[in-house]
Amino acid sequence: MSDDRRNPYLILGLPYGATKSEAARAFARATRRLRKTADAPYDLEDVNWALHAVEQRIEDPSASIDDYRVPADNGAYDAPPGHGLFDPPVEPYPRRTGPVTAEDRQQIEAVILREVVQNLVDDAARDALPRLHKFIGEEA
(Lines give C-alpha, C1' and ligand atoms only; values in the text may rest on other atoms or scores of the structure.)
Protein backbone atom coordinates (compact mmCIF):
# COMPACT_ATOMS: atom_id res chain seq x y z
CA MET A 1 0.00 0.00 0.00
CA SER A 2 1.36 3.44 -0.86
CA ASP A 3 2.34 5.81 1.93
CA ASP A 4 0.10 8.63 0.71
CA ARG A 5 -3.09 6.60 1.27
CA ARG A 6 -2.26 5.03 4.63
CA ASN A 7 -3.53 6.39 7.90
CA PRO A 8 -1.68 4.97 10.90
CA TYR A 9 -4.64 5.52 13.21
CA LEU A 10 -6.96 3.51 10.97
CA ILE A 11 -4.44 0.71 10.52
CA LEU A 12 -4.04 0.33 14.29
CA GLY A 13 -7.69 1.03 15.06
CA LEU A 14 -6.91 4.06 17.22
CA PRO A 15 -8.74 7.36 17.66
CA TYR A 16 -6.75 10.39 16.61
CA GLY A 17 -4.67 11.73 19.49
CA ALA A 18 -4.02 8.37 21.18
CA THR A 19 -1.14 8.05 23.62
CA LYS A 20 2.02 5.97 23.13
CA SER A 21 0.78 3.29 25.52
CA GLU A 22 -2.55 3.05 23.64
CA ALA A 23 -0.60 2.79 20.38
CA ALA A 24 1.55 -0.02 21.80
CA ARG A 25 -1.54 -1.97 22.94
CA ALA A 26 -3.19 -1.41 19.54
CA PHE A 27 0.00 -2.63 17.84
CA ALA A 28 -0.08 -5.83 19.90
CA ARG A 29 -3.76 -6.41 19.06
CA ALA A 30 -3.11 -5.75 15.36
CA THR A 31 -0.21 -8.20 15.19
CA ARG A 32 -2.31 -10.90 16.92
CA ARG A 33 -5.13 -10.18 14.47
CA LEU A 34 -2.69 -10.53 11.54
CA ARG A 35 -1.57 -13.97 12.72
CA LYS A 36 -5.19 -15.16 12.86
CA THR A 37 -6.42 -13.62 9.59
CA ALA A 38 -5.14 -14.96 6.28
CA ASP A 39 -6.62 -12.23 4.08
CA ALA A 40 -5.96 -9.16 6.24
CA PRO A 41 -5.92 -5.80 4.42
CA TYR A 42 -2.58 -4.90 6.05
CA ASP A 43 0.60 -6.86 6.63
CA LEU A 44 3.11 -6.73 9.49
CA GLU A 45 5.15 -4.10 7.67
CA ASP A 46 2.10 -1.78 7.52
CA VAL A 47 1.33 -2.29 11.22
CA ASN A 48 4.95 -1.64 12.17
CA TRP A 49 4.98 1.51 10.02
CA ALA A 50 1.75 2.64 11.67
CA LEU A 51 3.17 2.29 15.18
CA HIS A 52 6.26 4.31 14.28
CA ALA A 53 4.15 6.92 12.48
CA VAL A 54 1.86 7.35 15.50
CA GLU A 55 4.87 7.66 17.82
CA GLN A 56 6.36 10.28 15.48
CA ARG A 57 3.08 12.21 15.39
CA ILE A 58 2.91 12.20 19.20
CA GLU A 59 6.43 13.66 19.41
CA ASP A 60 5.91 16.11 16.51
CA PRO A 61 2.21 17.05 16.07
CA SER A 62 2.95 19.02 12.88
CA ALA A 63 3.73 15.68 11.16
CA SER A 64 0.06 14.67 11.43
CA ILE A 65 -1.28 17.47 9.24
CA ASP A 66 -2.00 15.10 6.33
CA ASP A 67 -3.86 12.43 8.32
CA TYR A 68 -7.54 11.89 7.77
CA ARG A 69 -8.99 12.27 11.25
CA VAL A 70 -11.72 9.99 12.50
CA PRO A 71 -13.73 11.56 15.34
CA ALA A 72 -13.04 9.95 18.70
CA ASP A 73 -16.67 10.56 19.64
CA ASN A 74 -18.86 8.33 17.46
CA GLY A 75 -21.88 10.37 18.55
CA ALA A 76 -20.55 13.34 16.59
CA TYR A 77 -22.68 12.25 13.64
CA ASP A 78 -25.80 11.76 15.77
CA ALA A 79 -26.93 15.38 15.77
CA PRO A 80 -30.67 16.04 15.58
CA PRO A 81 -31.96 16.23 11.97
CA GLY A 82 -31.51 19.63 10.42
CA HIS A 83 -28.51 20.59 12.54
CA GLY A 84 -24.86 20.68 11.64
CA LEU A 85 -22.71 21.16 8.59
CA PHE A 86 -23.54 17.84 6.90
CA ASP A 87 -27.29 17.97 7.61
CA PRO A 88 -28.52 21.51 7.06
CA PRO A 89 -32.14 22.40 7.86
CA VAL A 90 -34.75 22.13 5.12
CA GLU A 91 -35.49 25.38 3.32
CA PRO A 92 -38.75 25.09 1.35
CA TYR A 93 -38.99 26.74 -2.04
CA PRO A 94 -41.61 29.47 -2.42
CA ARG A 95 -44.78 28.31 -4.20
CA ARG A 96 -44.97 29.41 -7.84
CA THR A 97 -48.50 28.17 -8.57
CA GLY A 98 -51.84 28.78 -6.95
CA PRO A 99 -53.50 26.26 -4.64
CA VAL A 100 -55.32 23.30 -6.23
CA THR A 101 -59.10 23.66 -6.23
CA ALA A 102 -61.59 20.81 -5.73
CA GLU A 103 -62.54 21.04 -9.43
CA ASP A 104 -58.86 20.75 -10.50
CA ARG A 105 -58.46 17.74 -8.25
CA GLN A 106 -61.51 16.00 -9.77
CA GLN A 107 -60.19 16.60 -13.29
CA ILE A 108 -56.80 15.14 -12.37
CA GLU A 109 -58.43 12.11 -10.74
CA ALA A 110 -60.59 11.55 -13.85
CA VAL A 111 -57.54 11.57 -16.13
CA ILE A 112 -55.73 9.13 -13.84
CA LEU A 113 -58.75 6.83 -13.70
CA ARG A 114 -59.04 6.79 -17.53
CA GLU A 115 -55.34 5.92 -17.87
CA VAL A 116 -55.56 3.12 -15.28
CA VAL A 117 -58.64 1.61 -16.94
CA GLN A 118 -57.05 1.86 -20.40
CA ASN A 119 -53.90 0.10 -19.13
CA LEU A 120 -56.00 -2.67 -17.58
CA VAL A 121 -57.95 -3.16 -20.84
CA ASP A 122 -54.74 -3.21 -22.88
CA ASP A 123 -53.16 -5.80 -20.55
CA ALA A 124 -56.28 -7.99 -20.64
CA ALA A 125 -56.45 -7.82 -24.46
CA ARG A 126 -52.76 -8.68 -24.79
CA ASP A 127 -53.20 -11.69 -22.49
CA ALA A 128 -56.44 -12.81 -24.20
CA LEU A 129 -55.23 -12.59 -27.82
CA PRO A 130 -52.99 -15.71 -27.75
CA ARG A 131 -55.81 -17.71 -26.14
CA LEU A 132 -58.26 -16.42 -28.74
CA HIS A 133 -55.91 -17.41 -31.59
CA LYS A 134 -55.44 -20.84 -30.05
CA PHE A 135 -59.21 -21.25 -29.68
CA ILE A 136 -59.85 -20.17 -33.28
CA GLY A 137 -57.07 -22.47 -34.51
CA GLU A 138 -58.65 -25.44 -32.74
CA GLU A 139 -62.10 -24.69 -34.23
CA ALA A 140 -60.85 -24.51 -37.79
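How exposed is Val-116, by relative accessibility? At 43%, Val-116 counts as partly exposed. We'll come back to this residue in the last close-up; everything shown here comes from a predicted model.

**Figure 1. The whole chain is built from four helices and zero strands.** Following the sequence from start to end, you'd read the pattern α-α-α-α. Of the 140 residues in the chain, 16% are buried. The accessible surface adds up to about 11,700 Å², and carbon and sulfur atoms account for 57% of that. As for contacts between residues at least 6 apart in sequence, 58% of them join residues at least 24 apart.

**Figure 2. Here a salt bridge links Glu-59 and Lys-20.** It's one of three salt bridges in the structure. Side chains of opposite charge can pair when their charged atoms come close. In this view, the N to O distance is 3.0 Å. Glu-59 sits in helix α3 (residues 44-59) and Lys-20 in helix α2, so the pair ties together parts that are 39 residues apart in sequence. Now look at how open each partner is: Glu-59 is exposed, with a relative accessible area of 59%, while Lys-20 comes in at 39% and counts as partly exposed.

**Figure 3. Arg-105 and Glu-109 pair up in a salt bridge within helix α4.** Their side chains meet at 3.3 Å, N to O. Helix α4 covers residues 102-139, and these two residues are four apart along it, which is about one turn of the helix. Arg-105 has 54% relative accessibility and counts as exposed. Glu-109 has 42%, so this residue counts as partly exposed.

**Figure 4. Another salt bridge joins Arg-126 and Asp-123.** The side chains meet here at 2.6 Å, N to O. Both residues are in helix α4, and because they're three residues apart, about one helical turn separates them. Which of the two labels, exposed or partly exposed, fits Arg-126? With 53% relative accessibility, Arg-126 counts as exposed. Asp-123, on the other hand, has a relative accessible area of 34% and is partly exposed.

**Figure 5. A group of Arg and Lys residues makes a positive surface patch.** The members are Arg-25, Arg-29, Arg-32, Arg-33, Arg-35 and Lys-36. To get your bearings, pick out Arg-33, which is found in helix α2. That helix runs over residues 20-36. Why does Arg-33 count as partly exposed? Its relative accessibility is 44%, and partly exposed means between the 20% cut-off for buried and the 50% cut-off for exposed. You've already met this helix in Figure 2, as the home of Lys-20.

**Figure 6. Val-116 belongs to a nonpolar surface patch.** Now we're back with the residue from the opening question. Val-116 is joined in the patch by Val-100, Ile-108, Ile-112 and Leu-120, and the patch takes up about 470 Å². Val-116 has its place in helix α4, the helix that also holds Arg-105 and Glu-109. At 43% relative accessibility, Val-116 is partly exposed.

Conventions:
Residues numbered from 1 in each chain as written. Predicted model: local features only at pLDDT ≥ 70, side-chain atom pairs only at ≥ 80, totals over all residues. Heavy atoms only, no water. Patch = residues over 30% accessible without salt bridge, like charges linked within 9 Å, V, L, I, M, F, W, Y side chains within 5 Å. Areas by Shrake-Rupley, 256 points an atom, 1.4 Å probe, with all protein chains shown as cover. Salt bridge = Lys/Arg side-chain N within 4 Å of Asp/Glu carboxyl O. Lys, Arg positive; Asp, Glu negative; His and termini not counted. Charge placed at Lys NZ, Arg CZ, Asp CG, Glu CD. Buried < 20%, exposed > 50% of the residue type's maximum accessible area, 1.4 Å probe, protein only. Contact = heavy atoms within 4.5 Å.
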